[in-house]
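Please have the sequence and the three-dimensional view at hand while reading. The paragraphs below go through the sheets, then the nonpolar cores, and finally the pockets.

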Amino acid sequence: MSPQDYFDLTALTRHRILFEDCVYVWEVLKRLAEYLRDHIRPLPPEVPLAEPLREGLVFWGEEIFPFSEVKLFRERKGFRVLRKGEELPGAALVFPGAVFMDREVGLSPGVLVEPGALIYGPTLLGPRTEVRQGAYLRGEVLTGEGCIIGHTTEVKKAVFLDGAKAGHFAYVGDSLLGREVNLGAGTKLANLRLARGTIRVRKEGQVVDTGLRKLGAVLGDGVQTGCNSVTNPGTLLGPGSLVLPNVTAGPGIFPARSIIKK
């Protein structure tokens, strides 16, 4: 039930310290907010808050340019950005219609935020992360490199390691997603029991109280879920596991490479 049971920490090029010294993997969620606030460079004062952006913004190092000052060329992976004939590799792009609700939002190089996305802080988006149209980030969100938070997907208090994707109509609450995890369309990681009290995890007759009233899922590296699948609160899936479409998984602990059919 430690982070090492679910994630290859040696492969992490950033944020490894967040997982260190955690006896249980869900302890990462308890320290997430403080970690984010220590690592976010807040949005500058000229970025408007709590209203849709009227014009898109380009974040390039310490500078910000409106879309009217650049030329955008759509490519297979992201956009190519030119300003006064000079290419701006790794520029972060926030399209018109996106909404920042506070300044505790960090944008890494290559981030793309599409129209209609709404973001609360603290949130730190890793390099080349895409936040697609209509996504709702409710704060305490951390992504690694090349992640996707997709169309009408809601995320709160969650970590996406490199390459993790929730592309379509997902709910990700109080959860940890390992490297290259992929959530099928409509996947819901439920985080609140109908019964009151904290969430307990059972393994081989042992019961461990997480101390958390809300705990969604821990999905190890390479886990995949089928469309319209659901995980119950307190579901821990070992690396390489599969949840088939329309299946409800958990609660409980599942070993690596499990196939959950019903």
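Two strands are taken to pair if DSSP finds at least two bridges between them. The model discussed here is a predicted one. By that criterion E1 pairs with E6, since three bridges join these two strands, which run antiparallel. Within this pairing, phenylalanine 59 stands opposite alanine 92 in E6.

On its other pairing, E1 is joined to E2 by four bridges, again with the strands running antiparallel. Leucine 57 faces proline 66 of E2 as its opposite residue. E1 and E2 form a hairpin with two residues between the strands, and glycine 61 there adopts a positive phi near 60°. E6 also pairs with strand E9: two bridges link E6 (residues 92–94) to E9 (residues 112–113), and here the strands run parallel. Valine 113 in E9 is the bridge partner of valine 94.

These pairings belong to an open sheet of 11 strands, ordered E2-E1-E6-E9-E12-E15-E17-E19-E24-E27-E30, in which the pairing is mixed. E2 and strand E30 (259–260) stand at the edges with a single partner strand each, so one side of each is left without a neighbour in the sheet. Strands of a sheet pair through backbone hydrogen bonds, in either a parallel or an antiparallel manner.

A further open sheet consists of three strands in the order E3-E4-E5, with antiparallel pairing. Its edge strands are E3 (71–74) and E5 (86–87), each of which pairs on one side only. Four bridges join E3 to E4, and phenylalanine 73 stands opposite arginine 80 in E4.

The next subject is the nonpolar interior. The largest nonpolar core contains 41 residues, and Leu107 and Phe160 have the most contacts inside it. Two or more residues come from each of E1, E6, E8, strand E16 (154–160), strand E18 (171–177) and strand E23 (217–219). E16 contributes the most to this core, namely three residues. Apart from this core lies another, of 28 residues, which includes Phe19, Trp26, Ile199 and Val208. What does leucine 107 touch, not counting residues up to four places away in sequence? Leucine 107 touches Leu43, Phe59, Ala92, Val94, Phe100 and Leu125. Among these contacts are Phe59 and Ala92, the two residues that stand opposite each other in the pairing of E1 with E6.

The pockets complete the description. The largest pocket holds about 600 Å³ of space. It is lined by 28 residues, of which Lys77, Gly78, Gly110, Arg128 and Glu130 are the closest to its centre. Strand E4 (residues 79–83) supplies the largest share of this lining, three residues. By class, the lining of the largest pocket comprises 10 nonpolar, five polar and 13 charged residues.

The second largest pocket holds about 330 Å³ of space. Of its 20 lining residues, Arg41, Phe59, Gly61, Glu62 and Leu107 are the closest to the centre. Strands E1 (57–60), E2 (63–66) and E8 (105–107) are the elements that give two or more residues to this lining, and E8 provides the largest share, three residues. By class, the lining of the second largest pocket has 12 nonpolar, five polar and three charged residues. Several residues described above recur here: Gly61 belongs to the hairpin of E1 and E2, and Leu107 is one of the residues with the most contacts inside the largest nonpolar core.

Terms used:
Residues numbered from 1 in each chain as written. Predicted model: local features only at pLDDT ≥ 70, side-chain atom pairs only at ≥ 80, totals over all residues. Heavy atoms only, no water. 1 Å grid on protein atoms, 1.4 Å probe; cavity = no way out; pocket = protein on both sides within 12 Å on 5 of 7 lines; lining within 4 Å. Points joined across faces, edges and corners; volume = space filled by probe spheres on them. Nonpolar A, V, L, I, M, F, W, Y, C, P; charged D, E, K, R; others polar. Core = buried A, V, L, I, M, F, W, Y, C linked by side-chain atoms within 4.5 Å. Buried < 20%, exposed > 50% of the residue type's maximum accessible area, 1.4 Å probe, protein only. Contact = heavy atoms within 4.5 Å.
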